Amino acid sequence: PKNRKLKTTEKIIVFCEGETEESYLRNILNDNNLMTDNIKFENLKGGSYQNVNNLIEKNAKLIDVAIVVMDLDRCTSVPNEKKKLKKLITTLEKLN
């Protein structure tokens, strides 16, 4: 495949649960020459679905595309997290 430079003006924010997810995604984008200045990463440092939902709602006017990379184990192991995950999904559907 031919490497090409991604050209977009949309503001993209990638919310990552931790350093591992952020590092992995940065490497994929860099290795494929897809990293641009309009892609920003937000390390949630293990934050909850509610925390990322609040960040997205607070900054919705500044974000064109939001991508969330988090484990789904929280919704089965932490009480009430499944409800918060559903709310986050609804917020993402409205934004994206």
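In this predicted model, strand 1 and strand 2 run parallel and are joined by five bridges. Within this pair, Ile12 stands opposite Ile39 in strand 2. The points below describe the sheet to which these strands belong, and then helix 2 with its surroundings.

**The sheet**
- The sheet is open and consists of three strands in the order 2-1-3, with parallel pairing.
- Strand 2 (39–43) and strand 3 are the edge strands; each has a single partner strand, so one side of each lacks a neighbour in the sheet.
- On average, neighbouring strands of this sheet are turned by 20 degrees against each other, direction ignored.

**The buried side of helix 2**
- Helix 2 spans residues 49–58, and its buried residues include Tyr49, Val52, Asn53 and Ile56.
- These residues lie on the same side of helix 2 because they cover an arc of only 105 degrees around the axis.
- An α-helix has 3.6 residues a turn, so residues three or four places apart point the same way.
- Among the elements that cover the buried residues of helix 2 are strand 1 (12–16), strand 3 (65–69), helix 3 (74–77) and helix 4 (81–95).

**Helix 2 against helix 4**
- The axes of helix 2 and helix 4 come within 8 Å and cross at roughly 25 degrees.
- Helix 2 is therefore roughly parallel to helix 4, a term that applies to angles under 35 degrees.
- The crossing of these two helices is left-handed.
- In helix 2, the residues that meet helix 4 include Tyr49, Val52, Asn53 and Ile56; their partners in helix 4 include Leu85, Leu88 and Leu92.

Notes: Residues are numbered from 1 along each chain as its sequence is written. This is a predicted model: local features need pLDDT of at least 70, side-chain atom pairs count only at pLDDT 80 or more; totals for chains, interfaces and linings use all residues. Side-chain values use heavy atoms; hydrogens and water are left out. Buried means under 20% relative accessible area, exposed over 50%, partly exposed in between (1.4 Å probe, protein chains only). Helices (H or I, at least four residues) and strands (E, at least two) are DSSP runs, numbered from the N terminus. The arc is that of the directions from the helix axis to the C-beta atoms. Contact means heavy atoms within 4.5 Å. Two strands pair if DSSP finds at least two bridges between them. Axes are lines fitted to C-alpha atoms, for helices over the stretch in contact, and angles run from 0 to 180 degrees between N-to-C directions. Angles under 35 degrees count as roughly parallel, over 145 as roughly antiparallel, 65 to 115 as roughly perpendicular and the rest as oblique. A crossing is left-handed if the near helix is turned anticlockwise from the far one by less than a right angle, and right-handed if clockwise.
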